[in-house]
Amino acid sequence: MASLRIGHGFDVHRLVAGRRLVIGGVELPFDKGLEGHSDADVLVHAVMDALLGAAGLGDIGQHFPPTDPALKDADSLLLLEQVGQKIEKAGYGRIGNIDCTVMAEQPRLAPYVPEMKTRMAAALAVDTSRLNIKCTTTETLGFVGRGEGIAASAVCMISSNE
């Protein structure tokens, strides 16, 4: 009998000048980008943490430490692909669904959601119907509302390979 597991992930990165903005594997036209050791893709990082958590494999910092020079400016979609392989190896390779929320005042993200879904689903080798991405603002409240950063959360359901 297959075992079902639920995971939750959350990530936040500061917006800074001089970096490109990558969310959901898509480079967005914007005057700031997210600060981080890798490409700082806040959405992909939240999904990675949700998947790793569901499989009982810790968090992204354990698997991809920010102190690793090999990960400097790394493409988070490639890291997501590795997470998919890790959960498969742990016996939890069936992804039931992933539901995500990105919180940003700017830029407007909704037009890019279909491409985000396509790229992230491809990295995990799942159908796009298993991935849902929602975008919201924080109504100008908090660090997101002031345009200081972008946050994302994700939940997932995975099952054993049985």
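These entries record what I looked up in a predicted model of a protein structure.

**Entry 1. Nonpolar core**

I began with the largest nonpolar core, which holds 46 residues. I asked which members touch the most other members, and found Ile23, Leu43, Leu51 and Leu80. I then listed the elements that give two or more residues to this core. The helices on that list are H1 (42–54), H3 (76–89) and H4 (113–124). The strands on it are E2 (21–23), E3 (26–28), E5 (94–103), E6 (131–136) and E7 (149–159). Helix H1 supplies the largest share, 10 residues. I note as background that nonpolar side chains tend to be buried together in soluble globular proteins.

I took Leu80 as a case to follow up. Setting aside neighbours within four places in sequence, I found Leu80 in contact with Val44, Val47, Met48 and Leu51. Beyond these, Leu80 is in contact with Met120, Ala123 and Leu124.

**Entry 2. Largest pocket**

I next looked up the largest pocket, whose volume is about 250 Å³. Its lining comprises 15 residues. Which of them lie nearest the centre of the pocket? They are Ser38, His45, Ile60, Phe64 and Pro66. Strand E1 (4–16), helix H1 and helix H2 (60–63) each give two or more residues to the lining. Helix H1 thus appears in this entry as a contributor to the pocket lining, having appeared in the previous one as a contributor to the core. Sorted by class, the lining has 8 nonpolar, 5 polar and 2 charged residues.

**Entry 3. Cysteines**

I searched the whole structure for disulfides and recorded 0. Why is Cys135 not bonded to Cys100? The closest cysteine sulfur to that of Cys135 is in Cys100, at 9.7 Å, which is too far for a bond. The cut-off I applied for a disulfide is a sulfur pair within 2.5 Å. Cys156 is likewise in no disulfide, and its nearest cysteine sulfur, again that of Cys100, is 9.2 Å away.

I also checked whether these cysteines are buried or exposed. Cys135 is partly exposed, at 31% relative accessibility. Cys156 is buried, at 4% relative accessibility.

**Entry 4. Ser159**

I placed Ser159 in strand E7. Is Ser159 buried or exposed? Ser159 counts as buried because its relative accessibility is 11%. With neighbours within four places in sequence left aside, Ser159 is in contact with Ala2, Ser3 and Leu4. The remaining contacts of Ser159 are Gly91, Tyr92, Gly93 and Arg94.

**Entry 5. Arg20**

I located Arg20 in the loop between E1 and E2. Its relative accessible area of 44% makes Arg20 partly exposed. I then looked at the pair Arg20 and Gly33, which are 13 residues apart along the chain. Their C-alpha atoms are separated by 4.5 Å. Gly33 is also among the residues that Arg20 touches, together with Glu27, Leu34 and Asp39, once residues up to four places away in sequence are not counted.

**Entry 6. Val144**

I found Val144 in helix H5 (residues 142–145). Val144 is buried, with a relative accessible area of 4%. Which residues does Val144 touch, not counting those up to four places away in sequence? I listed Met103, Ala104, Glu105, Thr138, Gly149 and Ala151. I also took the pair Val144 and Leu52, 92 residues apart along the chain, and noted that their C-alpha atoms are separated by 26 Å.

**Entry 7. Backbone geometry**

I checked the backbone for particular torsions. The peptide bond from Gln106 to Pro107 is cis, with omega near -5°. Pro107 sits in the loop between E5 and H4.

I then recorded two residues with positive phi that are not glycine. Ala40 has a phi of about 60°, and Asp73 has a phi near 60°. Where do they lie? Ala40 is in the loop between strand E4 (33–34) and H1, whereas Asp73 is in the loop between H2 and H3. As to burial, Ala40 is buried at 0% relative accessibility, while Asp73 is partly exposed at 45%.

Note on methods:
Residues are numbered from 1 along each chain as its sequence is written. This is a predicted model: local features need pLDDT of at least 70, side-chain atom pairs count only at pLDDT 80 or more; totals for chains, interfaces and linings use all residues. Side-chain values use heavy atoms; hydrogens and water are left out. A nonpolar core is a set of buried Ala, Val, Leu, Ile, Met, Phe, Trp, Tyr and Cys residues joined through side-chain atoms within 4.5 Å. Buried means under 20% relative accessible area, exposed over 50%, partly exposed in between (1.4 Å probe, protein chains only). Helices (H or I, at least four residues) and strands (E, at least two) are DSSP runs, numbered from the N terminus. Contact means heavy atoms within 4.5 Å. On a 1 Å grid over the protein atoms alone, a cavity is a set of points where a 1.4 Å probe fits but cannot get out, and a pocket is an open set with protein on both sides within 12 Å along at least five of seven lines; lining residues have an atom within 4 Å of a point. Grid points are joined across faces, edges and corners, and a volume is the space filled by probe spheres set on the points. Ala, Val, Leu, Ile, Met, Phe, Trp, Tyr, Cys and Pro count as nonpolar, Asp, Glu, Lys and Arg as charged, and the others, Gly among them, as polar.
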